[in-house]
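Student: I keep meeting descriptive words in structure reports, and I would like to know what earns each one. Could we go through some together?

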Amino acid sequence: MPAASAAARTTPFAPARRGAAVRSAAPTAPATAAAPAATPGLAELGGLVGYRLRRAQLAVVADLADALAPLGLRPVTFSVLVVVGGTPGLSQAAVCDALGVQRANFVALAVELEQRGLVSREPSPTDRRQYALRLTPDGRRVLKRAWQVVEAHEARLAARLGAGGRSRL
(Lines give C-alpha, C1' and ligand atoms only; values in the text may rest on other atoms or scores of the structure.)
Protein backbone atom coordinates (compact mmCIF):
# COMPACT_ATOMS: atom_id res chain seq x y z
CA MET A 1 0.00 0.00 0.00
CA PRO A 2 1.35 3.46 -0.86
CA ALA A 3 2.58 5.67 1.95
CA ALA A 4 0.08 8.52 1.29
CA SER A 5 -2.59 9.10 3.91
CA ALA A 6 -5.93 7.34 3.60
CA ALA A 7 -7.77 10.63 3.21
CA ALA A 8 -5.49 11.74 0.38
CA ARG A 9 -5.97 8.43 -1.41
CA THR A 10 -9.72 8.15 -1.03
CA THR A 11 -10.94 11.64 -1.80
CA PRO A 12 -10.75 11.31 -5.60
CA PHE A 13 -12.86 8.13 -5.49
CA ALA A 14 -15.72 9.46 -3.41
CA PRO A 15 -18.25 12.20 -4.08
CA ALA A 16 -16.60 15.59 -4.01
CA ARG A 17 -19.11 17.28 -1.77
CA ARG A 18 -21.78 16.51 0.75
CA GLY A 19 -25.00 15.72 -1.04
CA ALA A 20 -23.36 14.46 -4.21
CA ALA A 21 -24.80 11.31 -5.68
CA VAL A 22 -23.04 8.08 -4.78
CA ARG A 23 -22.59 6.34 -8.11
CA SER A 24 -19.87 5.68 -10.57
CA ALA A 25 -19.74 7.68 -13.76
CA ALA A 26 -21.00 6.07 -16.93
CA PRO A 27 -18.45 5.83 -19.69
CA THR A 28 -18.86 8.50 -22.31
CA ALA A 29 -18.10 8.29 -25.96
CA PRO A 30 -14.74 9.83 -26.85
CA ALA A 31 -14.93 13.25 -28.46
CA THR A 32 -13.98 13.28 -32.11
CA ALA A 33 -12.58 16.09 -34.19
CA ALA A 34 -15.92 16.37 -36.01
CA ALA A 35 -18.01 16.51 -32.83
CA PRO A 36 -17.66 20.26 -32.11
CA ALA A 37 -18.92 21.23 -35.58
CA ALA A 38 -21.71 18.65 -35.49
CA THR A 39 -22.95 19.54 -31.99
CA PRO A 40 -24.02 23.16 -31.49
CA GLY A 41 -22.46 24.68 -28.37
CA LEU A 42 -19.91 21.91 -27.83
CA ALA A 43 -17.07 24.03 -29.21
CA GLU A 44 -17.81 26.68 -26.57
CA LEU A 45 -17.95 24.08 -23.81
CA GLY A 46 -14.69 22.53 -24.98
CA GLY A 47 -12.97 25.85 -24.33
CA LEU A 48 -13.99 25.85 -20.65
CA VAL A 49 -11.42 24.52 -18.18
CA GLY A 50 -14.11 23.27 -15.81
CA TYR A 51 -15.85 21.33 -18.59
CA ARG A 52 -12.61 19.68 -19.67
CA LEU A 53 -11.71 18.80 -16.07
CA ARG A 54 -15.13 17.27 -15.52
CA ARG A 55 -14.84 15.19 -18.71
CA ALA A 56 -11.40 14.01 -17.60
CA GLN A 57 -12.76 13.16 -14.13
CA LEU A 58 -15.60 11.14 -15.67
CA ALA A 59 -13.12 9.17 -17.81
CA VAL A 60 -10.83 8.47 -14.83
CA VAL A 61 -13.69 7.32 -12.60
CA ALA A 62 -15.16 5.16 -15.38
CA ASP A 63 -11.78 3.48 -15.89
CA LEU A 64 -11.43 2.90 -12.15
CA ALA A 65 -14.98 1.51 -11.95
CA ASP A 66 -14.21 -0.90 -14.80
CA ALA A 67 -10.99 -1.99 -13.10
CA LEU A 68 -12.68 -2.62 -9.73
CA ALA A 69 -15.79 -4.32 -11.16
CA PRO A 70 -14.27 -7.85 -11.27
CA LEU A 71 -13.79 -7.56 -7.50
CA GLY A 72 -17.41 -6.53 -7.04
CA LEU A 73 -16.33 -3.07 -5.92
CA ARG A 74 -17.07 0.46 -7.05
CA PRO A 75 -14.87 3.49 -6.41
CA VAL A 76 -16.98 4.50 -3.40
CA THR A 77 -16.97 1.00 -1.85
CA PHE A 78 -13.20 0.83 -2.35
CA SER A 79 -12.94 4.19 -0.55
CA VAL A 80 -15.02 2.89 2.34
CA LEU A 81 -12.79 -0.18 2.70
CA VAL A 82 -9.68 2.01 2.69
CA VAL A 83 -11.00 4.34 5.39
CA VAL A 84 -12.38 1.52 7.56
CA GLY A 85 -9.18 -0.48 7.10
CA GLY A 86 -7.10 2.51 8.13
CA THR A 87 -9.19 3.26 11.21
CA PRO A 88 -10.84 0.12 12.63
CA GLY A 89 -13.85 0.88 14.82
CA LEU A 90 -14.66 4.14 13.03
CA SER A 91 -18.33 5.09 13.18
CA GLN A 92 -20.48 5.16 10.07
CA ALA A 93 -20.95 8.89 10.61
CA ALA A 94 -17.18 9.45 10.69
CA VAL A 95 -16.75 7.48 7.44
CA CYS A 96 -19.48 9.61 5.85
CA ASP A 97 -17.74 12.79 6.96
CA ALA A 98 -14.35 11.57 5.73
CA LEU A 99 -15.68 10.68 2.27
CA GLY A 100 -18.36 13.34 1.83
CA VAL A 101 -21.15 10.74 1.56
CA GLN A 102 -24.62 11.55 2.87
CA ARG A 103 -25.45 9.44 5.90
CA ALA A 104 -28.75 8.27 4.38
CA ASN A 105 -26.86 6.98 1.32
CA PHE A 106 -24.17 5.34 3.41
CA VAL A 107 -26.48 2.91 5.18
CA ALA A 108 -26.98 0.94 1.95
CA LEU A 109 -23.21 0.91 1.35
CA ALA A 110 -22.51 -0.40 4.86
CA VAL A 111 -25.20 -3.06 4.57
CA GLU A 112 -23.86 -4.14 1.15
CA LEU A 113 -20.31 -4.50 2.48
CA GLU A 114 -21.54 -6.30 5.58
CA GLN A 115 -23.68 -8.74 3.56
CA ARG A 116 -20.66 -9.51 1.37
CA GLY A 117 -18.67 -10.27 4.51
CA LEU A 118 -16.17 -7.45 3.93
CA VAL A 119 -16.99 -5.33 6.99
CA SER A 120 -18.54 -5.99 10.36
CA ARG A 121 -20.90 -3.49 11.95
CA GLU A 122 -21.11 -3.63 15.71
CA PRO A 123 -22.76 -1.25 18.13
CA SER A 124 -20.26 1.36 19.24
CA PRO A 125 -18.97 0.77 22.77
CA THR A 126 -19.29 4.51 23.48
CA ASP A 127 -22.62 5.27 21.75
CA ARG A 128 -25.08 2.40 21.21
CA ARG A 129 -26.91 4.49 18.57
CA GLN A 130 -23.91 4.24 16.26
CA TYR A 131 -22.15 1.35 14.57
CA ALA A 132 -18.41 0.78 14.63
CA LEU A 133 -17.03 -0.60 11.38
CA ARG A 134 -14.15 -3.05 10.98
CA LEU A 135 -12.78 -5.00 8.05
CA THR A 136 -13.26 -8.73 8.21
CA PRO A 137 -10.49 -11.10 7.09
CA ASP A 138 -12.24 -11.29 3.68
CA GLY A 139 -12.43 -7.49 3.64
CA ARG A 140 -8.68 -7.22 4.23
CA ARG A 141 -8.02 -9.75 1.46
CA VAL A 142 -10.29 -7.94 -1.04
CA LEU A 143 -8.80 -4.57 -0.09
CA LYS A 144 -5.28 -5.88 -0.66
CA ARG A 145 -6.28 -7.09 -4.13
CA ALA A 146 -8.15 -3.83 -4.81
CA TRP A 147 -5.00 -1.84 -4.00
CA GLN A 148 -3.17 -3.82 -6.69
CA VAL A 149 -5.93 -2.97 -9.18
CA VAL A 150 -5.92 0.72 -8.17
CA GLU A 151 -2.13 0.91 -8.42
CA ALA A 152 -2.34 -0.50 -11.97
CA HIS A 153 -5.04 2.07 -12.74
CA GLU A 154 -2.80 4.83 -11.36
CA ALA A 155 0.10 3.55 -13.48
CA ARG A 156 -2.10 3.75 -16.60
CA LEU A 157 -3.03 7.33 -15.71
CA ALA A 158 0.60 8.29 -15.05
CA ALA A 159 1.64 6.79 -18.38
CA ARG A 160 -1.03 8.81 -20.18
CA LEU A 161 0.12 11.98 -18.41
CA GLY A 162 3.67 11.40 -19.57
CA ALA A 163 6.94 12.50 -18.00
CA GLY A 164 6.33 15.27 -15.51
CA GLY A 165 2.58 15.14 -15.97
CA ARG A 166 1.78 14.17 -12.41
CA SER A 167 3.88 17.01 -10.98
CA ARG A 168 2.08 19.49 -13.27
CA LEU A 169 -1.23 18.47 -11.75
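Student: What makes α5 roughly perpendicular to α7?

Tutor: This is a predicted model, and in it α5 and helix α7 (residues 103–115) pack at an angle of about 75°. Angles of 65 to 115 degrees count as roughly perpendicular, so α5 is roughly perpendicular to α7. Their axes are 11 Å apart.

Student: Which residues make that contact?

Tutor: From α5 they are V76, T77, V80 and L81, and from α7 they are F106, L109, E112 and L113.

Student: Why is α5 called oblique to α8?

Tutor: The axes of helix α5 (residues 75–86) and helix α8 (residues 137–161) cross at roughly 120°. The roughly perpendicular range is 65 to 115 degrees, and roughly antiparallel needs over 145. The angle fits neither of these classes, so α5 is oblique to α8. The axes come within 10 Å, and the crossing is left-handed. On the α5 side, F78, L81 and V82 make the contact; α8 contributes V142, L143, A146, W147 and V150.

Student: Let's stay with α8. How do you know that H153 is buried?

Tutor: H153 is found in helix α8, and its relative accessible area is 0%. Buried means under 20%, so H153 is buried. Leaving aside neighbours within four places in sequence, H153 is in contact with V60, D63 and L64.

Student: What makes the pairing of H153 with D63 a polar contact?

Tutor: The side chains of H153 and D63 come to 2.6 Å. A polar contact is a pair of N or O atoms within 3.5 Å, where one must be able to donate a hydrogen and the other to accept it. The H153 and D63 pair is listed as such a contact.

Student: And why is E154 called partly exposed?

Tutor: E154 is also found in helix α8, with a relative accessible area of 27%. Buried would need under 20% and exposed over 50%, so E154 is partly exposed. E154 and V60 are 94 residues apart in sequence, yet 9.5 Å apart in space, C-alpha to C-alpha.

Student: Now for R121. Is R121 buried or exposed, and how do you know?

Tutor: R121 lies in strand β2 (residues 119–123). Its relative accessible area is 19%, and the cut-off for buried is under 20%, so R121 is buried.

Student: Which side chains make polar contacts with the side chain of R121?

Tutor: One is Q92, at 2.9 Å. Another is E114, at 3.1 Å. Beyond four places in sequence, the residues in contact with R121 are Q92, A110, V111, E114, Y131, A132 and L133.

Student: Q92 brings us to α6. How do you know that the buried residues of α6 are on the same side?

Tutor: In helix α6 (residues 92–99), the buried residues are Q92, A93, V95, C96 and L99. They cover an arc of only 160° around the axis, which puts them on the same side of α6. Just after α6, G100 takes a positive phi of about 75°.

Student: What makes R103 partly exposed rather than buried?

Tutor: R103 lies in helix α7 and has a relative accessible area of 46%. Partly exposed runs between the 20% and 50% cut-offs, so R103 belongs there. Its contacts outside four places in sequence are A93, C96 and D97. With D97 there is a polar contact between side chains, at 3.5 Å. The C-alpha atoms of R103 and A93 are separated by 6.5 Å, with the two residues 10 apart along the chain.

Student: One more: why is S124 called buried when it is found in a loop?

Tutor: The word depends on accessible area, so the loop does not decide it. S124 is found in the loop between β2 and β3 (131–135). Its relative accessible area is 8%, under the 20% cut-off, so S124 is buried.

Student: What does the side chain of S124 reach?

Tutor: A polar contact of 3.1 Å joins it to the side chain of T126, and the backbone nitrogen of D127 is reached at 3.3 Å. Not counting residues up to four places away in sequence, S124 touches Q130, Y131 and A132.

Notes:
Residues numbered from 1 in each chain as written. Predicted model: local features only at pLDDT ≥ 70, side-chain atom pairs only at ≥ 80, totals over all residues. Heavy atoms only, no water. Buried < 20%, exposed > 50% of the residue type's maximum accessible area, 1.4 Å probe, protein only. Helix = DSSP H or I, 4+ residues; strand = E, 2+ residues; numbered from the N terminus. Arc of directions from axis to C-beta. Contact = heavy atoms within 4.5 Å. Axes fitted to C-alpha atoms, helices over the stretch in contact; angles between N-to-C directions. Parallel < 35°, antiparallel > 145°, perpendicular 65-115°, else oblique. Left-handed = near helix turned anticlockwise from the far one by under 90°.
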